[in-house]
Amino acid sequence: MMFLTVLIVYLFVQLSGSGRPLHHDSWFSVWAVRVSSQGWLKRPGASLSATLLVPVIVVIVIYGTVTSLWSWLGLLVTVPVLIYCLGRGEYTQCVDEYLNGLLQEDWSQSLESYYALVADGERAEIKEGDWSALHDAMMNVVAYRGFERLFAVLFWFILLGPAGALVYRLTHLYIVDCESSEDVDIAKKWLWIIEWPAARVLGLSLALTGNFTGCFAAWRECLFCAKRTTPSVLDHYMRGALGIESDAEQSIAMTHRELRSVLALYYRTWVFWMCLLAVITLVI
């Protein structure tokens with residue numbers, strides 16, 4: 001059922017263009033505000049835990065109820081939950097707009113495309129006209145967004161089902177929607193923890209679908225690292241998988257090729273994960 005769920009979600013996204021029909025998060029914002037206003041949840045982490053756990057428990061109860069009637073009814077829960085947990089916005093469109101701006105040497109368009117992919121508090125400081133710095137920042141955010149939108153969600157869905165995927169997505173939403181919350185720093189630490197194993201698994205996958213020698217060396221270097229951020233780790237993996245030298249001089253053609261290669265590599269890795277999941281499903 002897990003493979004079928006992922007396949008249905010993939011076909012839905014291909015036909016609809018994105019998961020936008022189910023990407024309505026206003027309910028979560030209202031819920032988070034209501035929880036944070038409760039005086040008895042003032043201990044560090046209490047508001048965050050309640051905000052995340054209650055929706056997850058509701059999904060678990062609904063899933064358990066419908067599957068107890070007939071196991072295949074679980075698709076009515078897993079499919080919409082997985083679609084909801086996928087990343088927000090148009091990922092490839094932002095990359096295309098960035099590359100169009102790059103080819104036309106339109107700094108404003110390229111910078112705006114970069115801003116569309118990165119959270120306000122995570123934007124790198126870039127001097128106007130510094131294309132090299134902008135490209136490095138874009139490579140970093142494109143590598144992370146591909147992971148956050150799809151692979152991290154799939155990782156936790158495969159391990160823990162719809163509840164695992166939902167915890168991951170709601171943690172992201174909490175950080176974005178509840179910036180004023182006292183628990184946002186705890187949420188960021190929690191996000192780093194749950195991304196840690198997913199990023200390492202993806203890094204090993206990139207070694208198998210890209211430049212094995214370069215990516216595997218980067219993977220071993222970051223395997224037990226507890227200081228690097230997830231975007232930094234993924235950027236390191238991506239450069240190793242694509243054989244990109246950090247000190248190489250950048251040109252428009254090279255930048256264009258590298259970003260296109262990132263998208264192609266992620267697509268190959270997605271196909272690899274699907275094939276692996278299909279084999280696991282057949283064996284089990």
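Here are some numbered notes on how a few helices pack in this predicted model, and on its pocket and cavity.

1. Let's start with H4 and H8. Helix H4 covers residues 75-85 and helix H8 covers residues 162-177. Their axes come within 9 Å and cross at roughly 30 degrees. Angles under 35 degrees count as roughly parallel, so H4 runs roughly parallel to H8. The crossing of this pair is left-handed.

2. Who touches whom in that pair? On the H4 side, look for Thr78, Val81, Leu82, Tyr84 and Cys85. Their partners in H8 are Pro162, Ala165, Leu166, Arg169, Leu170 and Leu173. Sorted by class, the contact of H4 with H8 has nine nonpolar residues, one polar and one charged.

3. Next up, H5 and H6. Helix H5 spans 91-103 and helix H6 spans 107-117. Their axes sit 7 Å apart, and the packing angle is about 160 degrees. Anything over 145 degrees counts as roughly antiparallel, and H5 and H6 are therefore roughly antiparallel to each other. The crossing of H5 and H6 is left-handed.

4. To see the contact of H5 with H6, click on Tyr91, Cys94, Glu97, Tyr98, Asn100, Gly101 and Leu102 in H5. Then add Gln109, Ser110, Ser113, Ala116 and Leu117 in H6. The mix here is six nonpolar, five polar and one charged.

5. H8 also packs against H7, a helix that covers 131-160. For H7 and H8, the axes are 6 Å apart and the angle is about 145 degrees. Is this crossing left-handed or right-handed? H7 passes H8 in a right-handed crossing.

6. The contact list for H7 and H8 is worth a slow look. H7 brings Tyr144, Arg145, Phe147, Glu148, Arg149, Ala152, Val153, Trp156, Phe157 and Leu160. H8 answers with Pro162, Ala163, Gly164, Ala165, Tyr168, Arg169 and His172. In class terms, that contact has 11 nonpolar, two polar and four charged residues. Pro162, Ala165 and Arg169 of H8 turn up here, and they also meet H4.

7. Now the pocket. How much volume does the largest pocket have? The value is about 910 Å³. There are 31 lining residues, and the closest to the pocket's centre are Ala119, Glu122, Arg145, His172 and Val176. Two of these names are familiar: Arg145 of H7 and His172 of H8 belong to the contact between those helices.

8. Which elements give two or more residues to the lining of the largest pocket? They are H5, H6, H7, H8, helix H9 (184-209) and helix H11 (230-242). H8 gives the most, with six residues. Check the classes too: the lining has 13 nonpolar, five polar and 13 charged residues.

9. Last, the cavity. A search of the whole structure turns up one cavity of 30 Å³ or more. The largest cavity holds about 40 Å³ of space. Lining this cavity are Val6, Leu154, Ile158, Trp270, Trp273, Met274 and Leu277. Both H7 and helix H12 (252-283) give two or more residues to that lining.

10. Which helix gives the most to the lining of the largest cavity? H12 does, with four residues. As for class, the cavity lining has seven nonpolar residues, no polar and no charged. Compare that with the lining of the largest pocket, where 13 residues are charged.

How values were computed
Residues numbered from 1 in each chain as written. Predicted model: local features only at pLDDT ≥ 70, side-chain atom pairs only at ≥ 80, totals over all residues. Heavy atoms only, no water. Axes fitted to C-alpha atoms, helices over the stretch in contact; angles between N-to-C directions. Parallel < 35°, antiparallel > 145°, perpendicular 65-115°, else oblique. Left-handed = near helix turned anticlockwise from the far one by under 90°. Contact = heavy atoms within 4.5 Å. Nonpolar A, V, L, I, M, F, W, Y, C, P; charged D, E, K, R; others polar. 1 Å grid on protein atoms, 1.4 Å probe; cavity = no way out; pocket = protein on both sides within 12 Å on 5 of 7 lines; lining within 4 Å. Points joined across faces, edges and corners; volume = space filled by probe spheres on them.
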